[in-house]
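Please look over the sequence and the structure shown below before reading on. The report then takes up the overall dimensions, the annotated span and a few individual residues.

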Amino acid sequence: VNSLKGVSSRLLRQRHPEVARRYWKGVLWSPSYFAASCGGAPLSIVRQYVEQQRTPD
């Protein structure tokens with residue numbers, strides 16, 4: 001995951017220099033990540049979970 005974040009950040013900086021203005025302290029991605037299996041969960045449940053991650057409690 002960290003490799004993917006590093007590569008994608010470098011590519012975005014190269015291809016879209018204007019994006020760098022939106023970086024927080026020069027960093028595009030946070031150092032954390034989360035991985036999980038959703039098994040046979042319906043897409044609507046997965047979408048709901050992802051949407052809830054966008055807003056703090």
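What follows is a short report on this structure, arranged by topic.

## Overall form

The model is predicted, and the protein in it contains two helices and zero strands. Taken along the principal axes, the C-alpha atoms fill a box of roughly 40 × 25 × 20 Å. The radius of gyration of the protein is 15 Å, whereas a compact globule of 57 residues would have a value near 10 Å.

Of the 57 residues in the protein, 7% are buried. The accessible surface comes to about 5,400 Å², and carbon and sulfur atoms account for 58% of that surface.

## The annotated span

UniProt, in an unreviewed entry, lists residues 1-53 under the feature "domain: Transposase IS200-like". In the predicted model this span is 45% helix and 0% strand, and the C-alpha atoms at its two ends lie 18 Å apart.

## Helix H1 and a buried serine

Helix H1 covers residues 2-15, and Ser 9 is found within this helix. With a relative accessible area of 11%, Ser 9 falls under the 20% cut-off and therefore counts as buried. When its neighbours within four places in sequence are left aside, Ser 9 is in contact with Tyr 23, Leu 28 and Trp 29.

## The loop between the helices

Glu 18 is found in the loop between H1 and H2. Its relative accessibility is 40%, so Glu 18 is classed as partly exposed. Measuring from C-alpha to C-alpha is informative here: Glu 18 and Arg 54 are 24 Å apart in space, with a separation of 36 residues in sequence.

## Helix H2

Helix H2 comprises residues 43-52, and Val 50 is found in it; Leu 43 and Ser 44 also have their places in this helix. Leu 43 has a relative accessible area of 58% and is exposed because this value is over the 50% cut-off. Ser 44, at 49%, is partly exposed, and Val 50 is likewise classed as partly exposed, with a relative accessible area of 42%.

Two C-alpha distances place residues of this helix in relation to other parts of the chain. Leu 43 and Arg 54, which are eleven residues apart along the chain, have C-alpha atoms separated by 17 Å. Ser 44 and Leu 28 are 16 residues apart in sequence, and the distance between their C-alpha atoms is 28 Å. Leu 28 is also one of the residues in contact with the buried Ser 9 of helix H1.

## A nonpolar surface patch

Which residues make the nonpolar surface patch of about 330 Å²? The patch is made by Phe 34, Tyr 49 and Val 50. Of these, Val 50 is the residue described above in helix H2, where its relative accessible area of 42% makes it partly exposed.

Definitions and conventions
Residues are numbered from 1 along each chain as its sequence is written. This is a predicted model: local features need pLDDT of at least 70, side-chain atom pairs count only at pLDDT 80 or more; totals for chains, interfaces and linings use all residues. Side-chain values use heavy atoms; hydrogens and water are left out. UniProt positions are given in the numbering used here, feature names are shortened, and annotations may be inferred rather than shown by experiment. Helices (H or I, at least four residues) and strands (E, at least two) are DSSP runs, numbered from the N terminus. Buried means under 20% relative accessible area, exposed over 50%, partly exposed in between (1.4 Å probe, protein chains only). Contact means heavy atoms within 4.5 Å. Patches are made of residues with over 30% relative accessible area and no salt bridge: like charges are joined within 9 Å, nonpolar side chains (Val, Leu, Ile, Met, Phe, Trp, Tyr) within 5 Å. Accessible areas come from the Shrake-Rupley method with a 1.4 Å probe; for residues, only the protein chains shown count as cover. A salt bridge is a side-chain nitrogen of Lys or Arg within 4 Å of a carboxyl oxygen of Asp or Glu. The radius of gyration is taken over C-alpha atoms; the globule rule is 2.2 Å times the number of residues to the power 0.38.
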